[in-house]
Amino acid sequence: MVEKTDWWKKSVIYQIYPRSFQDSNGDGIGDIRGIISRLDYLSELGIDAIWLSPVYQSPMDDNGYDISDYQVIAPEFGTMEDMDQLIAEGRKRNIKIVMDLVLNHTSDEHVWFQEALKGEENPYHDYYVWAKEPNSLKSTFSGSAWEYVPHLDKYYLHQFSVKQPDLNWKNPSLKQEIWNMINFWIEKGVGGFRLDMIDLIGKEPEKLITADGPTLHFLIQELNENTFGAYDLVTVGETWSANPEKAQLYSHPDRNELSMIFQFEHVCLDQEEGKEKWDLAPLEPARLHQVLSKWQTELVGKGWNSLFWNNHDLPRAISRFGDDRPEFRELSGKMLAIYLHFMSGTPYIYQGEEIGMINTPIQDIKEADDIETRNMYAERLEAGYSKDEVLVSINAKGRDNARRPMQWDGEKHAGFTTGSPWLNLNPSYEAVNVQTALENKESIFYTYQRLIQLRKTYSCLSQGLYQNLPTGNPSVLAYRKYDEADAFVVIVNFTAQDQPHSADLTGNGELFMSNYQELSNHSNLLRPYEARVYKK
Ligand code: GLC
Ligand code: CA
């Protein structure tokens, strides 16, 4: 039995979207050798682990979330030798590699599905979910979730694209194959797993149940027992349906399921209630604070939080929650970082967040790559929306925003590639890039670096208690974070205007950290996007 250190509780995890991180061979596509060449940079930032979005063999219909072989590396990303080297080079720098596991579906080009199509007699047929008649289930990527196969005269389930058939977790051989595959990666020495859309695997599609199916937690406990449970690994489940009660089921240490989940309540506040993410509504900072405060208090001793503003499916944090105008970009980015990183849980940084990268608006759907965006555009135009209206939604929420190449320097293609990039860069790269950020000691990069270090120095940050502090102003958010050793008060202004707050919130503490260089004389007035931390 391996000793469990729970190393991930004090860690900060950095997400890499391999296609867009660093190209090493000039084909315009980021790859594993490119990542290896940037490990020293990540080591300077101070992160403990990399969550690597899928690098497995795939026809790339959903950029790798459609896997056609879980144990082969996609040629555009490199080879298994490159992968082994990434794990080894990471280890030299105390950086663990967390693999992305897509267990709800495969690619239709996976050999299992190719066999399944041969007919009901084929042993792989039952690895997938079939129905004689479709029901009303919809695909996340638009249209029906059922696809007709003429020669079989039946339908298969795909909750995502038609090229992503859903796996049938009721089939015992399928489960065994998945467990073997996970154990293959554990033996390679990876640091853990992110489990894509894991809340869907207990589905009962004939009853219209997708998330939180009756067998879900049993299946995860079985997974744990047969694979990662015996090791000192991190596991994080993607669960759009989670609330704090459900989060306890996944992450309570006694239940032997996962280390933690990604919950998404705070990233669903800027949409019209009961509608889709494309139906935009203004974000109310006070509501955001209420939601995050709830998560901070309800998992204490009963689970573990993940902390994040963005990932490869979400818009850039600054454009969404802060302010991407040049004068406020870094200021608001630092404010968001400080506000989140004093909370309890494990923070995740999405590539480029640490240099304050922003959204990339498009003028025409031709500039979009993402399958979700393109399908939605077609569907909404059909439904009578105007092009302009749909583009507004795409520019606010489309997934390409996060997937633009990483901005390394001010040279051609920002140092991402010497060839022609698979997706155009954000035009800001001459000003916003790693090189510029590293040269300026006041840049947002160093705010992230310091926050990561603080987490190692003060366990109060990762696991202290959280107390919401009322400020008398809905645009000013504050909380106290404390344990036996330390107490911090975090106060932030979520707007571009000066904001007063009523009470003296500082609790006689000393100013410990701020995103402004000059200190303010007005203790009860916060400047635009000002963040202050007091320590007692
Ligand atoms: C998850 C991934 C997303 C992908 C989807 C289907 O949400 O993060 O990128 O499209 O699952 O696998
Ligand atoms: Ca490449």
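How many bridges pair S6 and S8, and in which sense, parallel or antiparallel? I began my notebook with this, keeping in mind that the model is predicted, and I found that S6 and S8 pair over two bridges in the antiparallel sense.

**Entry 1: the sheet around S8**

I then looked up the rest of this sheet, which is open and has three strands in the order S6-S8-S7, with antiparallel pairing. At its edges stand S6 and strand S7 (146-149), each with a single partner strand, so one side of each is left without a neighbour in the sheet. Between S6 and S8 I noted one facing residue, since Ala 131 stands opposite Tyr 155 in S8.

Next I turned to aromatic pairs, and a search of the whole structure gave 35 of them. One of these is the pair of Trp 130 and Tyr 156, which is edge-to-face, with 6.2 Å from centre to centre and 75° between the planes. I placed Trp 130 in strand S6 (residues 130-131) and Tyr 156 in strand S8 (residues 154-157), so the pair ties together parts that are 26 residues apart in sequence. When I checked accessibility, both Trp 130 and Tyr 156 turned out to be buried.

**Entry 2: other aromatic residues**

I also wrote down one aromatic cluster, which is formed by Tyr 56, Tyr 70, Trp 112, Tyr 124, Tyr 127, Phe 184 and Trp 185. For arginines over rings I recorded two cases: Arg 450 lies over the face of Phe 512, at 5.1 Å from the ring centre, and Arg 480 lies over the face of Tyr 482, at 4.2 Å from the ring centre.

**Entry 3: the calcium ion**

Which residues coordinate the calcium ion (ligand 2)? I listed Asp 23 (OD), Asn 25 (OD1), Asp 27 (OD), Ile 29 (O) and Asp 31 (OD), at 2.3 to 2.4 Å. Along the sequence, I saw that these donor residues follow the spacing D-x1-N-x1-D-x1-I-x1-D. Are Asp 23 and Asp 31 buried or exposed? Because buried means under 20% relative accessible area, I counted Asp 23 as buried at 7% and Asp 31 as buried at 3%.

**Entry 4: helix H6 and the loop before it**

In helix H6 (residues 216-226) I found these buried residues: Leu 216, His 217, Leu 219, Ile 220, Glu 222, Leu 223 and Asn 224. To read such a list I reminded myself that an α-helix has 3.6 residues a turn, so residues three or four places apart point the same way. The cover over the buried residues of H6 includes helix H5 (172-187), strand S9 (192-196) and helix H7 (244-251).

I then stepped to Ala 211, which lies in the loop between S9 and H6 and counts as partly exposed, at 23% relative accessibility. Leaving aside its neighbours within four places in sequence, Ala 211 is in contact with Asp 199, Leu 200 and Ser 241. For Ala 211 and Ser 241, which are 30 residues apart along the chain, I noted a C-alpha separation of 6.6 Å.

**Entry 5: Phe 321 and helix H12**

Which residues does Phe 321 contact, once its neighbours within four places in sequence are left aside? I found His 266, Val 267, Leu 283, Leu 288, Trp 309, Leu 336 and Phe 494. Phe 321 has its place in helix H9 and counts as buried, at 4% relative accessibility. The C-alpha atoms of Phe 321 and Leu 336 are separated by 7.7 Å, although these residues are 15 apart along the chain.

Helix H9 came up again with helix H12 (residues 387-397), where Val 390, Leu 391, Ser 393, Ile 394, Asn 395 and Lys 397 are buried. I noted that the buried residues of H12 pack against helix H9 (317-321), helix H11 (371-382) and helix H13 (400-403).

**Entry 6: the five-stranded sheet**

Last, I followed an open sheet of five strands, whose order is S14-S15-S16-S20-S18 and whose pairing is antiparallel. Its edge strands are strand S14 (465-468) and strand S18 (510-514), each of which pairs on one side only. On average, neighbouring strands of this sheet are turned by 25° against each other, direction ignored. Strand S16 (residues 487-493) and strand S20 (residues 531-535) run antiparallel and are joined by five bridges, and here Val 489 stands opposite Tyr 534 in S20. I closed with helix H10 (residues 326-341), which packs on the sheet and touches strand S15 (476-482), S16, S18 and S20, while its direction makes about 145° with that of S16.

Definitions and conventions:
Residues are numbered from 1 along each chain as its sequence is written. Chains are lettered from A and ligands numbered from 1 in the order in which they are written. This is a predicted model: local features need pLDDT of at least 70, side-chain atom pairs count only at pLDDT 80 or more; totals for chains, interfaces and linings use all residues. Side-chain values use heavy atoms; hydrogens and water are left out. Donors are N, O and S atoms within 2.8 Å of the metal (3.2 Å for Na, K and Ca); water is not among the atoms, so sites may look incomplete. Buried means under 20% relative accessible area, exposed over 50%, partly exposed in between (1.4 Å probe, protein chains only). Helices (H or I, at least four residues) and strands (E, at least two) are DSSP runs, numbered from the N terminus. Contact means heavy atoms within 4.5 Å. Rings of Phe, Tyr and Trp (its six-membered ring) pair if their centres lie within 6.5 Å; planes under 30 degrees apart count as stacked, over 60 as edge-to-face and the rest as tilted. A charge sits over a ring if NZ of Lys or CZ of Arg is within 6 Å of the ring centre and within 35 degrees of the ring normal. Two strands pair if DSSP finds at least two bridges between them. Axes are lines fitted to C-alpha atoms, for helices over the stretch in contact, and angles run from 0 to 180 degrees between N-to-C directions.
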